[in-house]
Structure formats: structure tokens, C-alpha cells
Amino acid sequence: DVVLFPNIDAGNITYKSLVHCADVKNGNVLVGTSAPVILTSRSDSFEVKVNSIALASVIANSLS
């Protein structure tokens, strides 16, 4: 599933709510730029950071 937000503030609030209140598997990437931008938080787990890198790689590959 993909969840889109109108701005980074709305995304950040929802993201933190989901991560802290539910057991979700996620990766975070900002799109709409010339290349995907990986967004991670200092509190993100290793798994979330790896998921973000993998997701950005898939998106970047589809752009080329």
C-alpha cells in the first residue's frame, strides 16, 4: 500500500502515529524530485532504513 500526503508535516504526524501505535512495516521516500529522496528518522529501526533504501532503489530504477 502507498499513502500520499499533501505536505511533509501531515506525513510526519501520521507516520509517527502509525509507528508508535501500530506494528507496521514501512519505508520512507520523498518523490516528485529528479531522484527519490530517502527520509529516515533517528528513531527508525535498522529494518525501516533498509526498507527505505530498497524502496528508493526500485523507484530510481523505474525512472531510468
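**Asking how the labels were earned**

The protein has two helices and two strands, and along the sequence they run α-β-β-α. This is a predicted model, where local features need pLDDT of at least 70 and side-chain atom pairs count only at pLDDT 80 or more, while totals for chains, interfaces and linings use all residues. Numbering starts from 1 along each chain as its sequence is written, and side-chain values use heavy atoms, with hydrogens and water left out.

Reader: What makes a stretch a helix or a strand here?

Author: Both are DSSP runs, numbered from the N terminus: helices are H or I with at least four residues, strands are E with at least two. Strand S1 covers 29-30, so a run of at least two is what it needs to count. Val29 lies in S1, and Leu30 is found there too.

Reader: Why is Asn26 called buried?

Author: Its relative accessible area is 14%. Buried means under 20%, exposed over 50%, and partly exposed in between (1.4 Å probe, protein chains only). Asn26 at 14% therefore counts as buried. You'll find Asn26 in the loop between helix H1 (8-21) and strand S1.

Reader: Which residues does Asn26 touch?

Author: Leaving out residues up to four places away in sequence, Asn26 touches Tyr15, Val19, Val48 and Asn51. A contact means heavy atoms within 4.5 Å.

Reader: And why is Leu30 only called partly exposed?

Author: Leu30 has a relative accessible area of 35%, so it falls between the two cut-offs.

Reader: What makes Leu30 part of a nonpolar patch?

Author: Patch residues need over 30% relative accessible area and no salt bridge (a side-chain nitrogen of Lys or Arg within 4 Å of a carboxyl oxygen of Asp or Glu). Nonpolar side chains (Val, Leu, Ile, Met, Phe, Trp, Tyr) are joined within 5 Å, like charges within 9 Å. Leu30, at 35%, clears the area cut-off. Ile8, Leu30, Val37 and Leu39 together make a patch of about 300 Å², with areas from the Shrake-Rupley method (1.4 Å probe; for residues, only the protein chains shown count as cover).

Reader: What does Val29 touch?

Author: Not counting residues up to four places away in sequence, Val29 touches Pro36, Val37, Leu39, Ser52, Leu55, Ala56 and Ile59. Val29 and Ala56 are 27 residues apart in sequence, yet 6.3 Å apart in space, C-alpha to C-alpha.

Reader: How do you know that the radius of gyration agrees with a compact globule?

Author: The radius is taken over C-alpha atoms, and the globule rule is 2.2 Å times the number of residues to the power 0.38. With 64 residues that comes to near 11 Å; the protein has 12 Å, so the two agree.
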